[in-house]
Amino acid sequence: MARKKYLIWNEEIETMPRKELQKLQLKRFQETVERVYNKVPFYKKLFKDAGVKPADLKSMEDVAKFPLTVKQDLRNNYPFGPFATPLEEVSQIHATSGTTGKMTVTGYTDNDMKVWAEVMARVYTAGGTKKGDVIHNAYGYGLFTGGLGFHLGAHEVGATVVPVSGGLTKRQVTIMQDFGSTVLTCTPSYALVLAEAVEEAGLDPKKDLKLRIGFFGAEPWTDKMREEIGKRLDLEAFDIFGLAEIIGPGVSVECPAHNGLHIAEDHFYPEIIDPETGEPLPYGTPGELVFTTLTKEAFPLMRYRTRDRTVLHAEKCECGRTVVRMGKIMGRTDDMLIIRGVNVFPSQIEDVLLSFPELSPHYIIYVDRPKDMDALTVEVEATEKLFNQGWDALKEMEGKVKKGLAEALYVSSNVNIKEPFGIQRSQGKAVRVVDRREL
Ligand code: ADP
Ligand code: ZN
């Protein structure tokens with residue numbers, strides 16, 4: 001029997017007619033509003049300040065009347081203030097990785113854990129994972145939701161999971177080879193590190209490894225990076241998105257059509273707002289992504305600003321799913337660099353760098369302000385081949401990259417091409433932007 005191109009874990013929900021889905025969302029949104037208003041004191045105050053009551057939510061058009069929430073609301077009520085259940089109902093606690101400040105704590109009831117397993121099963125299935133697959137899970141295990149979220153979903157689909165976590169890269173390659181791993185899960189930057197280690201071990205991924213599928217997320221990456229990883233590890237790379245506050249990984253994932261990430265919309269209601277004014281924006285217009293959890297018990301969130309920038313599309317996908325798709329994350333609103341008044345996203349820089357085969361996909365972006373003028377410096381690695389061509393070739397290449405960046409960004413930058421392995425590798429989330437203007 002031919003393998004079905006599009007596998008779907010929960011056909012009933014994932015292909016539900018939108019009208020029906022919207023009915024379900026309204027009912028669940030109403031429940032969430034009641035829950036936060038009655039169980040979480042800081043919401044009661046937010047509602048009061050905005051002059052709304054739970055009963056004011058009569059249709060989805062009313063959603064915009066309700067207050068937005070931000071990370072600071074969670075930090076102000078650290079650690080358990082945002083929980084809507086007593087601590088004894090909470091069976092698991094996680095925290096965000098604290099990329100942008102003090103960590104925020106999240107809690108799950110038994111039912112929340114079931115929801116997490118369900119949405120992660122949808123993720124795995126969307127990429128074609130099944131019972132019989134061996135999943136090499138190199139997301140970090142611990143307070144970070146990545147490792148345990150992928151672990152949970154692996155059990156739900158009945159696959160075999162290898163909880164390697166991050167680090168000891170050489171040993172990871174041995175494990176992938178010896179265990180015949182078919183699915184790889186980690187950050188895209190660590191996938192590159194693994195690809196390098198595979199090459200260094202003299203292995204040919206086509207012959208020596210059995211990898212078929214990879215789920216990469218937790219940090220922004222471009223389609224060019226997808227090609228690079230897919231080619232070097234001989235697998236099909238899928239983008240997976242999530243954040244600890246909403247559930248962890250499992251909020252959305254790509255299907256083989258690779259035209260956006262399908263959101264588990266029966267559990268997480270997405271909106272796009274104008275990051276300046278907070279006004280809701282229509283589908284198709286890019287802005288800041290906002291989520292309301294529709295079923296979470298321990299840690300419900302209403303209209304939570306993710307600070308991630310993307311765009312939503314509601315047309316049915318060729319895979320049959322009817323749920324809304326979000327575009328690839330363009331970066332965080334606070335990742336957006338304003339260089340001499342021009343908005344620059346790190347993903348634009350990645351696109352330019354990866355269009356040069358003479359460069360390795362390892363880079364870091366520095367922003368400084370010598371003498372009151374913003375200065376952008378991009379450090380990127382040469383491939384062995386380029387590096388061996390010597391100084392003149394490197395300088396010529398720097399000129400080309402500089403020109404490419406200026407054309408794409410509309411601001412000038414300094415380009416520094418480093419020797420192979422001249423840029424530090426990351427085990428988890430890569431730090432790609434260092435803003436030294438505040439220092
Ligand atoms: P922290 O906010 O401390 O990094 P998390 O570990 O919960 O905590 O990370 C969630 C964030 O990671 C998201 O808000 C988003 O910025 C980023 N992220 C997660 N998955 C992706 C993805 N597939 N593409 C781009 N960014 C992602
Ligand atoms: Zn699809």
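Start at the zinc ion (ligand 2), whose donors are spaced along the chain as C-x6-H-x54-C-x1-C. Before selecting anything else, note that this is a predicted model in which local features need pLDDT of at least 70 and side-chain atom pairs pLDDT 80 or more, while totals for chains, interfaces and linings use all residues. Residues are numbered from 1 along each chain as its sequence is written, chains are lettered from A and ligands numbered from 1 in the order in which they are written, and side-chain values use heavy atoms, with hydrogens and water left out.

**Stop 1: the zinc site**

Select C255, H262, C317 and C319 together with the zinc ion (ligand 2). The protein donors are SG of C255, NE2 of H262, SG of C317 and SG of C319, at 2.1 to 2.4 Å from the ion. Donors here are N, O and S atoms within 2.8 Å of the metal (3.2 Å for Na, K and Ca); water is not among the atoms, so sites may look incomplete. What is the geometry of the site of the zinc ion (ligand 2)? The angles among its 4 donor atoms run from 102 to 114°, and the site is tetrahedral; for four donors that label asks that all angles lie between 85 and 135 degrees.

Now colour by accessibility. C255 and H262 are both buried, with C255 at 0% relative accessibility. Buried means under 20% relative accessible area and exposed over 50%, with partly exposed in between (1.4 Å probe, protein chains only).

While cysteines are on screen, look at C186 as well: its relative accessible area is 0%, so C186 is buried too. How many disulfides does a search of the whole structure find? The search finds 0, where a disulfide is a pair of cysteine sulfur atoms within 2.5 Å.

**Stop 2: from H262 into the mixed sheet**

Stay on H262 and show the cartoon. H262 stands opposite R325 in β15. Strand β9 (residues 261–263) and strand β15 (residues 325–326) pair in the antiparallel sense over 2 bridges. Strands (E, at least two residues) and helices (H or I, at least four) are DSSP runs numbered from the N terminus, and two strands pair if DSSP finds at least two bridges between them.

Zoom out to see the open sheet of 9 strands, ordered β4-β3-β5-β6-β7-β8-β9-β15-β14, with mixed pairing. Its edge strands are β4 (160–162) and β14 (312–313), each pairing on one side only.

**Stop 3: the antiparallel sheet**

Next, select the 5 strands that form an open antiparallel sheet in the order β11-β10-β12-β13-β16. At the edges stand β11 (280–281) and β16 (331–332); each has a single partner strand, so one side of each lacks a neighbour in the sheet.

Focus on β13 (residues 304–310), which pairs with β16 in the antiparallel sense over 2 bridges. Strand β12 (residues 287–293) is joined to β13 by 4 bridges, also antiparallel. R309 is a good residue to label: its bridge partner in β16 is G331, and R309 is also the bridge partner of E288. Beside it in your selection, D308 stands opposite R332 in β16. Is β13 enclosed or open? Of its 7 residues, 6 are buried, so β13 is largely enclosed by the rest of the structure.

**Stop 4: aromatic pairs**

Show the rings of Phe, Tyr and Trp (its six-membered ring): two of them pair if their centres lie within 6.5 Å, with planes under 30 degrees apart counted as stacked, over 60 as edge-to-face and the rest as tilted. By this rule there are 12 aromatic pairs. One of them is Y37 with F47, a tilted pair at 5.2 Å centre to centre and 50° between the planes. Y37 lies in helix α2 (residues 18–39) and F47 in helix α3, so the pair ties together parts 10 residues apart in sequence. Y37 is buried at 17% relative accessible area, and F47 is buried at 0%.

Move on to Y139 and F150, whose ring centres are 4.4 Å apart with planes at 15°, so this pair is stacked. Y139 sits in the loop between β3 (134–137) and α6 (145–157), and F150 in helix α6, 11 residues apart. Y139 is buried at 3% relative accessibility, as is F150 at 1%. Extend the selection to Y124, F215 and F238, which form one aromatic cluster with Y139 and F150.

**Stop 5: charges over rings**

Return to Y37. K44 lies over its face, 5.0 Å from the ring centre; a charge sits over a ring if NZ of Lys or CZ of Arg is within 6 Å of the ring centre and within 35 degrees of the ring normal. Another example is R226, whose charged end sits over the ring of W221, 5.9 Å from its centre.

Finish at K48, in helix α3 (residues 41–50). K48 is exposed, with a relative accessible area of 70%. K48 and Y37 are 11 residues apart in sequence and 9.8 Å apart in space, C-alpha to C-alpha.

Note on methods. Tetrahedral: all angles 85-135°; square planar, octahedral: opposite > 155°, others 65-115°.
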